[in-house]
Amino acid sequence: MSIIQSVRLRSAAADATAAGRVGDDVALDLRSVQKTYDTPGRPQVEAIRHLDFSIRRGELVCVVGPSGAGKTTLLRSIAGLLDLTAGEVVLDGEVVAGPPQGMAVVFQEYGRSLFPWMTVRQNIELPLKEKGIAKAERHAKIDRALEEVGLTEAAEQHPWQLSGGMQQRVAIARAIAFEPSVLLMDEPFAAVDAQTRAELEDLVRKLWKDLGVTVLFVTHDIDEAVYLGERVIVLSNRPTVLMEDVRVDLPSERDQLTTRSDAHFGELRGHVYELIQRAKRGDRPDAPPAAASSPQEA
Ligand SMILES: Nc1ncnc2c1ncn2[C@@H]1O[C@H](COP(=O)(O)OP(=O)(O)OP(=O)(O)O)[C@@H](O)[C@H]1O
Ligand SMILES: [Mg+2]
């Protein structure tokens, strides 16, 4: 196949993804998902009004939106940790009705997600034990995961003996040792310093490439979303709907210096920033016609 043909094919596949669902290629499919919280004695909270999108197998997709938009609700819905009000989440062709086997989640609060009385190795081992994996295989998976995140030396230490960035690496190692088909991450680097954050971002890109895993990464950081993602899903204010599904057509090889100083990176960042500003002002695609035809929209 000529180079031109292969480039054409790749862009056609990407366009098909942007346009909608692509059969067997779909890892995760959200179909008219709605979530309203019922809190006894208090008014209901409509978090997700309507979300309908899919993620291709092996894609790295970021989700951004204003604070309180419903990003964590979305992630927890996908992870099978919440009952949906309407709609369904489909993982590898199966409707999610509880935490699925093929999914792993990394949350922001690494301090709370690791057991302090267990070593790093034991923390990573726990879900593998629960999955019923034999000891020798468990150890091989743990060693591989630790090597992937650069923590081989810390295997016998306890989480409290490690820096915040290292603890988050342990949480990531635990997730990938499990060999999920989909990895969900909810603002995983919000609590670490800027330099560590940049290193962890590069780690996510590396793991994504090495392991071929599908990644959905929630962040409030626009730069991070554009730097990491192949697509950025921008959410409206609560009750959330899709503002825009932005395709990040930056080269696959990214690094903190070159990519972030690239003019096109700046354009994409500016575009997502503008969308978030509009979302914060309450501008949304499902607004009544009068608001949609205001001068700001034009
Ligand atoms: N368990 C719950 N019960 C009732 N309301 C909830 C619950 N969890 C979240 N909410 C409400 O749902 C809305 C969306 O919350 P969510 O945590 O999903 O937003 P978010 O986009 O993740 O916010 P942030 O950017 O601050 O992390 C908020 O108004 C929140 O108060
Ligand atoms: Mg959140």
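**Notes on the ligand shell, strand 6 and helix 10**

1. Start with ligand 1: 14 residues surround it, and Y37, S67, K71, T72 and T73 come nearest (near means a C-beta atom, placed from the backbone, within 6 Å). Keep in mind that this is a predicted model, where local features need pLDDT of at least 70 and side-chain atom pairs 80 or more, while totals for chains, interfaces and linings use all residues. Residues count from 1 along each chain as its sequence is written, chains are lettered from A, and ligands are numbered from 1 in the order written.

2. Helix 2 (71-78) and strand 2 (45-56) each put at least two residues into that shell, with helix 2 giving the most, three. Helices (H or I, at least four residues) and strands (E, at least two) are DSSP runs numbered from the N terminus.

3. Strand 6 (residues 103-106) is covered on both faces: M103 and V105 are buried on one side, A104 and V106 on the other. Buried means 20 or more other C-beta atoms within 10 Å of a residue's own, exposed 12 or fewer, with C-beta atoms placed from the backbone.

4. Strand 6 also pairs with strand 7 (residues 182-186), parallel, over four bridges; pairing takes at least two DSSP bridges. V106 has M185 as its bridge partner there.

5. Now for helix 10 (residues 263-280). Its buried residues are L268, V272, L275, I276 and A279. Down the axis they fall within an arc of 100 degrees (taken from the directions from axis to C-beta atoms), so they line one face. Turned away from that side are the exposed A263, G266, E267, G270 and Q277.

6. After helix 10 comes G282, with a positive phi near 95 degrees.
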